[in-house]
Amino acid sequence: METGARDGARALLRILRDLPGELRAEELLAPHTTFRIGGRAFALFRPSSEDALAEAVVRARTHGFPWRMVGGGSKLLVPDRGFPGLILSTTGLRSWQEEEGLLRVGAGVSLARIARRGAWKLAGIPGTVGGAVAMNAGTRHGAIAEQVAWVRALLPTGRVHVFTPEECGFAYRDSLFRRLRLPVLAVGLRPYAPQDLAPLLVERAQSQPLGLPSAGCVFRNPSGGRSAGWLIDQCGLKGARVGDAVVSEHHANFICNLGRARASDVLELVDQVQDRVVTRFGVWLDLELEVVGE
């Protein structure tokens, strides 16, 4: 890293080192994403408690460092130049309690775990509960918003607030937490009766390119019409490639990393897809993928 970045890393170590959790300077972010793409952050902090996460956000803001939450690392593209600030990993927030008909789970609990305990509609989705709530993750069977009883999140003031479902502002692959970048700390979910997940996982394996690193679906489905994958497929873009970034032959709404893809390759391919689809169909495809730092 350059001198300014090293100074930033040292400053973050100094202001965060007394907080409980794991703190790493100049951390390479590619291994923390499902895309396996991205440069280094000034620092990555994995707090071991909600209080530590909240305090880290407050201190980063106070000292003028940009910060970003990361859970399982899906739906993220980290720039090749990295992130000039603090990455907060929620994977240390794994509290779990079943009480009064609710699953009370920390933001870092994996979706695979809650899928086995009554959130079967989310089976096969990578990532963690906090990120899933922020983007209202789901499958063709339903989205996580359907089961949310409450969400505990951090306000810009540093105060924690418990949001009712009506306050969460859920929409298709969206929520108040995503729009306002409010860190999700924990969630209360109403579980469904457990289901056999095997058929759902087979269905997912047959319809998606699970054998290569990707970020999941890249584009949001346009409202009221064909899916993004169908539009891309009809433009003949399956197999289109920039560097080691390629539009999947298996599912056209996936861009896969063949091994050494860079973020710039992915973004160039995204531009090509958007241009071809809008030229042929007059439909602009918005990103479901989130580019860190933008």
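**Helix α8, the nonpolar cores and the domain arrangement**

Just after α8, Gly 282 adopts a positive phi of about 70°. The model discussed here is predicted. The helix that precedes this glycine comprises 19 residues, for which a rise of 1.5 Å a residue gives an expected span of 27 Å; the end C-alpha atoms of α8 are 27 Å apart, in agreement with that expectation. Its buried residues are Ala 263, Asp 265, Val 266, Leu 269, Val 270, Val 273, Gln 274 and Val 277. Viewed down the axis of α8, these buried residues occupy an arc of 165°, and they therefore line one face of the helix. An α-helix has 3.6 residues a turn, so residues three or four places apart point the same way. The cover over the buried residues of α8 includes α7, the strands β4 (76-77) and β14 (241-242), and also β15 and β16 (254-257).

The largest nonpolar core contains 27 residues, among which Ile 232 and Ile 255 touch the most other members. Two or more residues of this core come from each of α7 (228-234), β15 (245-247) and α8 (263-281). The greatest contribution is that of α8, with 6 residues. At least three residues of the core are drawn from each of domain 1 (1-89) and domain 3 (208-291). In general, nonpolar side chains tend to be buried together in soluble globular proteins.

The surroundings of Ile 255 were examined with neighbours within four places in sequence left aside. Ile 255 is in contact with Phe 35, with Pro 213, Ser 214, Ala 215 and Val 218, with Ala 245, Val 246 and Val 247, and with Val 266, Leu 269 and Val 270. Of these partners, Val 266, Leu 269 and Val 270 are also listed among the buried residues of α8. A second, separate core of 26 residues includes Val 105, Ala 134, Leu 155 and Leu 182.

Ala 215, one of the contacts of Ile 255, lies in strand β13 (residues 214-217). With a relative accessible area of 2%, Ala 215 is buried, because the cut-off for burial is under 20%. When residues up to four places away in sequence are not counted, Ala 215 touches Thr 34, Phe 35, Ser 74, Lys 75, Leu 76, Ile 255 and Leu 289. Phe 35 thus appears among the contacts of both Ala 215 and Ile 255. By contrast, the C-alpha atoms of Ala 215 and Ala 52, which are 163 residues apart along the chain, are separated by 28 Å.

The loop between β1 (21-25) and β2 (41-47) contains Glu 26, and Arg 36 is found in the loop between β1 and β2 as well. Glu 26 has a positive phi of about 50° although it is not a glycine, and phi of Arg 36, also a residue other than glycine, is positive and near 60°. Most residues other than glycine have a negative phi. Glu 26 counts as partly exposed at 25% relative accessibility, and Arg 36 is likewise partly exposed, with a relative accessible area of 46%.

The domain assignment of the chain gives domain 1 (1-89), domain 2 (96-189) and domain 3 (208-291). The centres of domain 1 and domain 2, taken over C-alpha atoms, are separated by 22 Å. Their contact takes 13 residues from domain 1 and 14 residues from domain 2. Between them, domain 1 and domain 2 bury about 980 Å², of which 66% is on carbon and sulfur atoms.

Methods. Residues numbered from 1 in each chain as written. Predicted model: local features only at pLDDT ≥ 70, side-chain atom pairs only at ≥ 80, totals over all residues. Heavy atoms only, no water. Core = buried A, V, L, I, M, F, W, Y, C linked by side-chain atoms within 4.5 Å. Buried < 20%, exposed > 50% of the residue type's maximum accessible area, 1.4 Å probe, protein only. Helix = DSSP H or I, 4+ residues; strand = E, 2+ residues; numbered from the N terminus. Domains from an automatic or database assignment. Contact = heavy atoms within 4.5 Å. Expected span 1.5 Å × (residues − 1). Arc of directions from axis to C-beta. Buried area = accessible area lost by both parts, 1.4 Å probe.
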